[in-house]
Amino acid sequence: MRLVVACAVLLAVLMLVVLFFPWDVMRVPLNRYVSEKTGRQFEISRQLAVRPGWRGATIIFDGVDFANPPWAREPYLVRAKRAEFEIRLWPLLSGHVVIPRLALISPTISLQMEEDGRRTWALGKDTGDTSTVPTIGLLQVDGGGVDFLAEHLGVDIHADFTYDTARGELPLDFRIKGKYKRQPLTAEGRTGNVLQLTSEGQPPFPLEIKAAAGKTQLSAKGTVAALADLDGIDAQFQLKGQTLGDLFPLLGIALPHTSPYALSGDLRKRAKLWEVKGLQGRLGLSDIGGDMRFDQAPKTPQLGGKLRSKVLDMDDLGPLIGLPPTERSAKAIEGVEPPPSIAQVKRRRGDAGRKVLPTATLDFERLRAMNADVQYTADKIRNVRDVPLDRGSVHVKLLDSVLTLDPLDLGVANGKVAGAIRIDARQVPADIRASLDVRGMQINRLIPKVETLKTSFGKLDGRINLSGRGTSVASWLGAASGDVAAITGRGEFSNLLLEFAGLDGGEIIKFILRGDQTVTLRCAAVAFDVNKGVAQGRGLVFDTTDTVFRATGQANLATETMRFVIDQRPKDKSILSLRTPLIIGGSFGSPTIGVEPGPLAARGLAALALGAITPLLSLAATFEPGPGADADCKAVLAEASKPGTAEAAKGAAQATGARQPQN
């Protein structure tokens, strides 16, 4: 019993000594001790106070200066009028500093990190030793400012804080400016009176922020559990910008380039997993919605999700293949400075109408930065001026730098284009393969001008099998090999249009006087052997009950030039016929249509000679005796059904491998 009493008395005496000990006498020795242990100047300038507790102690510095290492840009790590913090005693025995709460009055804080791992807030002489970095739970700031510099990350920011209890639950106001990921950054917002750097079992703290980094604007409102690693986020957000591609340097998410966008949704982050639920908004003139997730835990981050557009505008597809947005889509999002449009880019380059194929290069860094598994569906596609797309869906997979669009399914002209595209970015130039099948497209919808003449075409089937290497769409097509073909069976269309194409004046006059009639299409085929960017016509036949058209020639995908000669063989007799081969040439951007001058000149000279005898005889030179023979439709379709050269067959075979991703 006496021993128990003695221990109690001893404990009481120790507590009294601790409570009433004049701790300020330890200020100078403590300044000297910390300076020696860290290798930099530490000074409590006015007074030191200590309030012991069961788990640790609360220490108060009335005025404190703590220098940065000599390599830092700013001289001081911390300068504050007052610092109060709780410290755990038991971890100190193992050399680890644990501070559950730190309160600073009017501080100036300068943090700096180097690429080799050194950081100014490591408290040992070796600032690259992370074991000397203190663990801080809650940070309370009453005014002051913070600088953070990490040149290797492109980060150099300054934050100013003001504290006002009149602001209710969010009394701490902050303003940030500087550079983030080497882009100009500005931000402002409000938060609670305590910033939670680590979770420490505490409830999340509220946060509101509006920020702009480069051309990207963010506003968010919610809660954060741990500020140091942005963990435990639950917030609603709005995001705007010129293109989703700008998020790659900011967040490391390798999204494609798009038209200007405005998105909103619910953001949740736990550990390394980011999730967006209820995503909705616009990409240019198109709507978009769905759910997304981005997991940073794997060695290669993984993006996944499902997206859907009720209406997709054709103008918003251009940036996906390297074309600038049109002026319509560039100005679609209010409050976002639009990027240069197609017309503006052409004016700057001075090459309006010169090139058609997209020349924007593949971003190999992005293709290697993450993996992805994203499904996208567009229920309806509008503004289809040249290609009548109705709908579309694609499954995008990016695995170990190999991007596949498989399956790719597009509704076109009441038919479909389906297949796969594969881009292997493990090598430069990339190995690119496209294998697409065309089924049941209505020709009158593919050629709107013909549709206005109330024609009734048949349906078009075909295929595109191309493979090669390139760094852009243009360079790939300029070097690709393979097979392109399209065939159609019976149908009807305007005979007046046919006679114009055949330069048959007599028939044109007859139809103008009597009214247009329809003519039957027996068969048609367009087939090309593609060898290293040169598409050589293999079977170019258009056969009707009135005329058979046969074409020869080639298109050079590298130079974007072409020359085709179309020969008409009429199946009826006609006067006032100027039939002569048609020539389609020039560039893809500025095609030309003309006639073969030789036959036309011969007929002209004959007409002049006969006209010298009598004007009526001059018409004899324009008489078309006919008849042209029907094409062998089975042979025509058979010729278009398979490549005609070994190189084209090899390229087509490699392209079909796009449907089966290879390792």
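What share of the contacts in the protein chain with a separation of 6 or more comes from residues 24 or more positions apart? Keep that question in mind while the whole chain is on the screen, and remember that this is a predicted model. The answer is 52%, counted over the contacts whose partners have a separation of 6 or more.

Begin with the protein chain as a whole, coloured by secondary structure, where 14 helices and 34 strands can be picked out. If you then switch to a surface view, the chain exposes about 34200 Å², of which carbon and sulfur atoms supply 59%. Of its 663 residues, 43% count as buried.

Next, select residues 430-442, which form strand S25. This strand is mostly covered, with 10 of its 13 residues buried, and its pairing with two other strands is the subject of the remaining stops.

Add residues 415-424, strand S24, to the selection, and follow the antiparallel pairing in which nine bridges join S24 to S25. Between these two strands the chain passes through a hairpin of five residues. For a particular pair to display here, choose Arg422 and Arg433, since labelling both will show that Arg422 stands opposite Arg433 in S25.

Finally, keep S25 selected and bring in residues 459-470, strand S26, which also runs antiparallel to S25 and is joined to it by 11 bridges. To locate one of the paired positions, select Gln442 and look across to Lys459 in S26, its bridge partner. With S24, S25 and S26 displayed together, S25 can be traced with its nine bridges to S24 and its 11 bridges to S26.

Note on methods. Residues are numbered from 1 along each chain as its sequence is written. This is a predicted model: local features need pLDDT of at least 70, side-chain atom pairs count only at pLDDT 80 or more; totals for chains, interfaces and linings use all residues. Side-chain values use heavy atoms; hydrogens and water are left out. Helices (H or I, at least four residues) and strands (E, at least two) are DSSP runs, numbered from the N terminus. Buried means under 20% relative accessible area, exposed over 50%, partly exposed in between (1.4 Å probe, protein chains only). Contact means heavy atoms within 4.5 Å. Accessible areas come from the Shrake-Rupley method with a 1.4 Å probe; for residues, only the protein chains shown count as cover. Two strands pair if DSSP finds at least two bridges between them.
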